[in-house]
Amino acid sequence: MASQTSAMMRPLAVMMSRDFQAIRADATLAEAAELMRAARVGALLVSASNVHVGVVSERDLVRKAMARGADPRQERVSAVMSSPIISLELDRSAHEASDLMAEKGIRHLVITHEGAIVGMISVRDLLRYFKNWGTL
């Protein structure tokens with residue numbers, strides 16, 4: 001029971017992936033897709049000059065690039081990434097995360113602690129959380 005209480009009090013800490021992946025803004029879409037496949041993730045943080053500047057997701061690759069016929073070996077991540085980064089502080093609730101993702105129309109949300117990026121959650125993470133510990 002203690003683990004359930006802890007999960008309910010700090011849901012974002014429990015559900016987030018701390019092992020998030022990043023890619024350079026000047027990398028190709030093919031490189032991004034290969035990294036997503038290898039890491040088994042649906043989104044990557046995007047970095048330029050050692051600063052996180054955006055997020056690129058599978059959805060970005062499909063809707064913003066492939067659908068318009070972009071060459072994945074030539075097109076750069078910076079052309080399709082979502083920027084600025086939309087984030088939520090670690091101490092916020094799962095409901096706040098869900099509401100923010102719905103409001104912004106995103107499926108991946110960066111989690112911060114005192115302004116520093118500490119993880120990322122997906123819509124799938126929220127669904128698992130609500131199924132196990134909460135209600136929508």
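What follows walks through the cores and pockets of this structure. The model is predicted: local features need pLDDT of at least 70 and side-chain atom pairs pLDDT 80 or more, while totals for chains, interfaces and linings use all residues. Residues are numbered from 1 along each chain as its sequence is written, and side-chain values use heavy atoms, leaving out hydrogens and water.

Start inside. The largest nonpolar core (buried Ala, Val, Leu, Ile, Met, Phe, Trp, Tyr and Cys residues joined through side-chain atoms within 4.5 Å; buried is under 20% relative accessible area, 1.4 Å probe, protein chains only) has 17 residues. Helices (H or I, at least four residues) and strands (E, at least two) are DSSP runs, numbered from the N terminus. Two or more core residues come from each of α2 (11-15), α5 (94-104), β5 (108-113) and α6 (123-132). The largest share, 4 residues, is from α5. I121 has contacts (heavy atoms within 4.5 Å) with L12, M15, A97 and L126, among others. Another core, of 15 residues, lies apart and includes V56 and M81.

Now the pockets. A pocket is an open set of 1 Å grid points, over the protein atoms alone, where a 1.4 Å probe fits, with protein on both sides within 12 Å along at least five of seven lines; lining residues have an atom within 4 Å of a point. The largest holds about 580 Å³, the space filled by probe spheres set on the points. Its lining has 21 residues, with R40, V41, G42, H108 and S122 nearest the centre. α6 gives the most, 4 residues.

The second largest pocket has about 290 Å³. S57, D60, S82, I106 and R107 are closest to its centre, out of 16 lining residues. Here α4 (58-65) supplies the largest share, 4 residues.

Definitions and conventions:
Buried < 20%, exposed > 50% of the residue type's maximum accessible area, 1.4 Å probe, protein only. Lists of a residue's contacts leave out its neighbours within four places in sequence.
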